[in-house]
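Here are my notes after a look through this one, written for someone who would rather be at the bench. Have the chain open while you read.

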Amino acid sequence: MSSPEGVYEAICEATSGVVVGNEDILEGLTIALLTDGHVLLEGVPGVAKTTIANAFAQATGLSYSRVQMTPDMVPADIVGTNVYRQATGEFQLRKGPVFANLVVADEINRATPKTQSALLEAMEESTVTIDGETLSLPAPFMVIATQNPIEMEGVFELPEAQRDRFQFKYTVDIPDRAEEREVLNRFDSAPALDAETVSQVVDSDELAAAQDVVTDVFVAEPVKEYILDLVAATREAATLQYGGSPRATLAFLRGSKARAAIRGRSYVIPDDVKALTEPVFVHRVIRTTDAELADQSVTAIIEEIVDGVMPPSADLEFDANSQPQAPDGGSELDEE
């Protein structure tokens with residue numbers, strides 16, 4: 001089960017007893033894990049943001065920690081600090097919760113900017129610096145952060161630099177009636193049901209092998225040009241003050257390779273890139289004042305930009321030595 005496809009299917013099956021719906025979010029978390037990315041989950045209270053993150057952590061079997069962010073936290077509460085031991089007369093390193101494979105930062109926007117910044121180095125370089133000493137974090141390393149978009153008191157909006165470090169952002173929506181009925185039925189028969197009941201289904205060796213498969217996925221030059229066109233279009237849009245960063249470009253490249261591998265393909269198609277436009281852009285781009293006053297949503301702006309960028313032609317051909325050629329009258333670019 002070392003294939004990305006097998007890893008994703010195993011995680012979905014393992015978490016299905018606790019997580020109802022939200023398949024796109026589980027896919028995004030799997031893609032991020034396979035590409036050393038981080039994910040921001042946003043949603044109103046009670047939609048199971050933390051449950052999804054914890055269930056995913058349980059299924060992967062990686063070491064993980066959950067940090068409840070609050071305004072009174074300081075950076076040392078995240079990364080750790082050196083503690084003086086009177087018995088020995090020496091300082092001893094006490095590592096913080098960031099020293100785990102998977103860190104769940106619950107309600108990250110409740111922490112002050114100073115505390116939020118404690119994650120910047122960790123998310124970008126997989127290291128932390130304590131009293132001038134740089135320490136490596138476990139590999140793989142992934143941050144899943146949650147935040148509430150409607151509560152404005154006692155919260156601190158994430159700065160652009162930190163939002164940009166998240167590979168994807170997903171909105172956890174209110175479930176539809178059928179999904180909510182399923183939640184009722186499950187908790188009626190098993191009141192104690194929670195993420196702790198999820199079993200581990202993959203190990204570190206299988207994850208490492210799946211990451212190697214993702215690395216080898218082929219991306220044709222026209223698909224790379226499509227990625228560049230999409231990012232450039234956000235920078236040129238009249239409704240956006242700031243468009244996608246180079247990190248957005250890399251998020252498309254890595255994410256589309258993982259999405260293709262999860263679907264059993266060894267090559268990326270434009271649909272892989274297009275499917276990631278909202279989670280890659282929605283937290284990175286910034287609207288102009290006029291767009292805000294006109295009440296144009298970021299999602300609508302992104303959709304308009306994507307619709308205006310022409311994807312590669314359907315008769316795109318891959319490398320003859322390692323990739324399939326598009327057949328006459330059809331295309332390997334069509335999504336299965």
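The points below go through the two domains, how they meet, and one loop residue.

1. First, a reminder that this is a predicted model. The domain assignment splits the chain into domain 1, residues 4–190, and domain 2, residues 217–308. Their C-alpha centres sit 23 Å apart, and the contact draws on 17 residues from domain 1 and 18 residues from domain 2.

2. How much area is buried between domain 1 and domain 2? It comes to about 1700 Å², with carbon and sulfur atoms giving 58% of that.

3. On the polar side, there are four salt bridges between domain 1 and domain 2. If you want a salt bridge to click on, try the side chains of Arg-247 and Glu-124, with N to O at 3.1 Å. The two domains also share ten residue pairs in polar contact, counting pairs with both residues at pLDDT 80 or more.

4. Which elements should you colour on the domain 1 side? Pick α1 (4–15), α2 (23–34), α7 (160–163) and β9 (168–171), since each supplies at least two residues of the side that touches domain 2. By residue type, that side of domain 1 has eight charged, six nonpolar and three polar residues.

5. Now for Ala-190, which you'll find in the loop between α8 (177–189) and α9 (204–215). Is Ala-190 buried or exposed? Neither label fits: its relative accessibility is 30%, so it counts as partly exposed.

6. One last distance to check on screen: Ala-190 and Thr-234 are 44 residues apart in sequence, and their C-alpha atoms are 47 Å apart in space.

Key
Residues numbered from 1 in each chain as written. Predicted model: local features only at pLDDT ≥ 70, side-chain atom pairs only at ≥ 80, totals over all residues. Heavy atoms only, no water. Domains from an automatic or database assignment. Contact = heavy atoms within 4.5 Å. Buried area = accessible area lost by both parts, 1.4 Å probe. Polar contact = N/O pair within 3.5 Å; in protein donor to acceptor, adjacent residues only side chain to side chain. Helix = DSSP H or I, 4+ residues; strand = E, 2+ residues; numbered from the N terminus. Nonpolar A, V, L, I, M, F, W, Y, C, P; charged D, E, K, R; others polar. Buried < 20%, exposed > 50% of the residue type's maximum accessible area, 1.4 Å probe, protein only.
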